[in-house]
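Subject: Handing over a structure

Dear colleague,

I am passing on a structure for you to look through at your own pace. Please open it first, and then read the notes underneath.

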Amino acid sequence: MSPPFPMLTVLSMFYYIYLRRRRARTATRGELMNNRRAIESNRPLPINVELVQYAKEVLDFSSHYGSENSMSYTMWNLAGTPNVYPSSGDFTQTAVFRTYGTWWELCPSARLPFTRTPPNFHSQDYVELAFEEPVYPTAVHVLETYHPGSVVKILACSANPYSQNQPADVRWEVLWSEAPTKVNSPQARQFTPCIKQINFPTNLIRLELNSSLLDYYTELDAVVLHGVRERPMLSLNTSMITLNDLDDDEDGEREDGMDCLNKQFSATVFRESTTNGYFDKLPYELIQLILSHLTVPDLCSLSQTCKLFYQHCCDPLQYIHLSLQPYWARINDTALEYLQPRCVLVQWLNLSWTGNRGTISVSAFSRFLKVCGSELLRLELSCGHFLNETCLEVIAEACLNLQELNLSSCDKLPPPAFNHIAKLHNLKRLILYRTKVEQTALLSILNFCSELQHLSLGSCVMMEDYDTVASMMGAKCKKLRTLDLWRCKNITENGIAELASGCPLLEELDLGWCPTLQSSTGCFAKLARKLPNLQKLFLTANRSVCDSDIEELAANCTNLRQLDILGTRMVSPASLRKLLESCKDLSLLDVSFCSQIDNRVVLELNANFPNVFIKKSFTQ
C-alpha cells in the first residue's frame, strides 16, 4: 500500500491556495497597515508569514503628466501608502501618465509604427518600483482610483536595487500579462491579477501599461506587494499550462527567441540536406517576402533549421526596420554583437527601454553604431539610461543621414552631451521630452538643424529663457510642423509672436501648463490668425483662455481636430458651439474643469455634434 503523503501534500496545497485567496478577499486596509508597521519596526516575523509592503521608491518611468519639480500627477506618488484609495475621481496626489486613448496616434506628430512588433506586445508606458525587502511574490495589488484598466503586464526583477552585490545576470520574469481590455466604469478598484510563482525573491516590480482603450487619463495611487521570505511550495495554479503560456513565448523560461540570439545566429554548421522541398522552387525575393512577416525571435529560430533559411534569416534586407523594444529585458552586449553583421543596412532602429542596469555597455553600443549607423534614418532610444556623452558623440559621427532621434525620458544624459546633436544637419524630428538639455545646446541645434519639422521640448526644466528659444525657432526652423512646449515655465507673448510669425506651417502646438501666457496680451488670438493650418492646440490649465480666443480659432483654424482648454473659467457654451460648427473635423475637445461648461451643456453638445469626443471632468 502506498504511503498517504502524496495525498496530504495535495490537500495542503489546496488549503494554502484557499487561505491565500481568502486573505486577499477579506484583508482590510488596517490589516495591511499593521503588517507594514511590523516590517518597518523591524519586529521579527516567522519566515513563512506573508509580508505586505507598499512601494518604498519609484526608480524609473517612461512618462508622467506632472511637472518634474512637483508632486501633482507624478509617478513619485506611487511610493508609500495610498493617498486617495478607496475614493474615486481626479486627484493630484495620484500617478498619471502623459497620454490616454488613441488621439495622440492621430496627431500630425504621430510616428509610423515599426513592423514585426509581436502581437502580444502591448506596452506603451512603464514604471519601476522598489520595495524594502525581497520576497517571493504571492500577490500584487494595484490601487487604481480613476479610469482603471491600463495595466497590461507585471514583471519582477532578480536585481536588488538596495544591494551592493548585483547578480551577474539580471533576470526579469513576467508575473502576469494580458491584452488591454475596456473597463466600463471609471471608478476606483483594487486590481489583483493571478500571478505566477517565480524561483527568485524580488523587491523590484515593474508595471507596463497601455491606455489606448481609456476615455481619460488613468490614475494610480499605490502598489502593494505580498510575498514570503522562503520560496513557497509550487501551487497547482502555476503548474498548469495555460493558453497564455503558449502565446507569450518570449516571456517564458524556455530558451528560444531573443534568449537564443547569442547561440542561434552564431550557429553556422548544418547537416547536409539534398532538398528544401518546395522552397527550392521559389524565387529568392518571394522567400524574403514571406519571412518579412516573422518576428525577430521567429527569425532566430528559423535560422537553425537549414542552410537555405539561415541564409535568408541572416540577410541584412530582413533588418531594414528593427525594433528591439519588445525584447528590452533580453537585449545585451552579446545580442548586439551577433546582430551586428545583419544590421549593416538598418534604416529604422528602436532600442527604447533597453540597456538599463548594465545590460548594454557604452563600448558595445558604440561598436554597433559604427558598423550599422551609416544608413540609419530613425533611431529610438527612449529611456536609454546607459547613454552618456560618448554615445551621442558616436551617433553624431556615425549616423550622418539620421532624420529622427528620440531621446525621450533619457533624464540621466548630462547636459554637455546634447551639443553633439547639432552635427546632425539632416534631422527632421527630435524628441527631448524630460531631458536635461540646456539652452546653449538647444540654440546650437536649432541653428544648424534647419530641416527640423517635429520638435518635442516638453518638461525640459533646464531652459532659462524660452522666448529666446522661440525666437530662434522662428528665425531658423521655417519647416517646423509640430512643437511640444508642455510645461515650459517662462515663455511669454513675445516668444509666441516670434514663433507664430516665423513658423507658419505649424500644425500642432502644445502649450499646456505654460503659466506665463495670458489671453489679455492677445497671444492666443495672434496664434489663431498666424497659424491657419493648426490641427492640434493644447492650452491645458490656462485659466485666461476666453470666448474671443475660441472665436478666433473658429474663424481662422477650420482644420482644427484636437483642442484642450482644460481649466479655463472664461469660455461659454455659445463660443464652443461656434467652434464646433466651424471646425468640421474636430474630434477631441477637452473642457474638463471649465466652470461655465456643466454636464447639461456637454450632453447637448454631444447630441448635436456626435462625431466629437467631448471630455468633461469635475472637481471632487
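The notes below describe a sheet, a pair of helices, a pocket and two backbone details.

This is a predicted model, in which local features need pLDDT of at least 70 and side-chain atom pairs count only at pLDDT 80 or more, while totals for chains, interfaces and linings use all residues. Residues are numbered from 1 along each chain as its sequence is written, and side-chain values use heavy atoms, with hydrogens and water left out.

To begin with the sheet, 12 strands form an open sheet with parallel pairing, in the order 10-11-12-13-14-15-16-17-18-19-20-21. Strands (E, at least two residues) and helices (H or I, at least four) are DSSP runs numbered from the N terminus, and two strands pair if DSSP finds at least two bridges between them. Strand 10 (321-323) and strand 21 (613-615) stand at the edges with a single partner strand each, so one side of each is left without a neighbour in the sheet. From one strand to the next, the twist averages 5°. Strand 10 is joined to strand 11 (residues 348-350) by 3 bridges, and S323 stands opposite N350 in strand 11.

Turning to the helices, helix 17 (residues 573-582) and helix 18 (residues 599-608) pack at an angle of about 20°, and their axes are 11 Å apart. Helix 17 is therefore roughly parallel to helix 18, a term that covers angles under 35 degrees; axes are lines fitted to C-alpha atoms, for helices over the stretch in contact, and angles run from 0 to 180 degrees between N-to-C directions.

The largest pocket (an open set of points on a 1 Å grid where a 1.4 Å probe fits, with protein on both sides within 12 Å along at least five of seven lines) is lined by 50 residues, each with an atom within 4 Å of a point. Among the lining residues, T99, W104, R111, Q124 and N406 lie nearest the centre of the pocket.

As for the backbone, the peptide bond from Y85 to P86 is cis, with omega near 15°, and P86 is found in the loop between strand 2 (57-61) and strand 3 (95-96). C383, although not a glycine, has a positive phi of about 60°, and C383 has its place in the loop between strand 12 and helix 11 (389-398).

Best wishes

Terms used: Angles under 35 degrees count as roughly parallel, over 145 as roughly antiparallel, 65 to 115 as roughly perpendicular and the rest as oblique.
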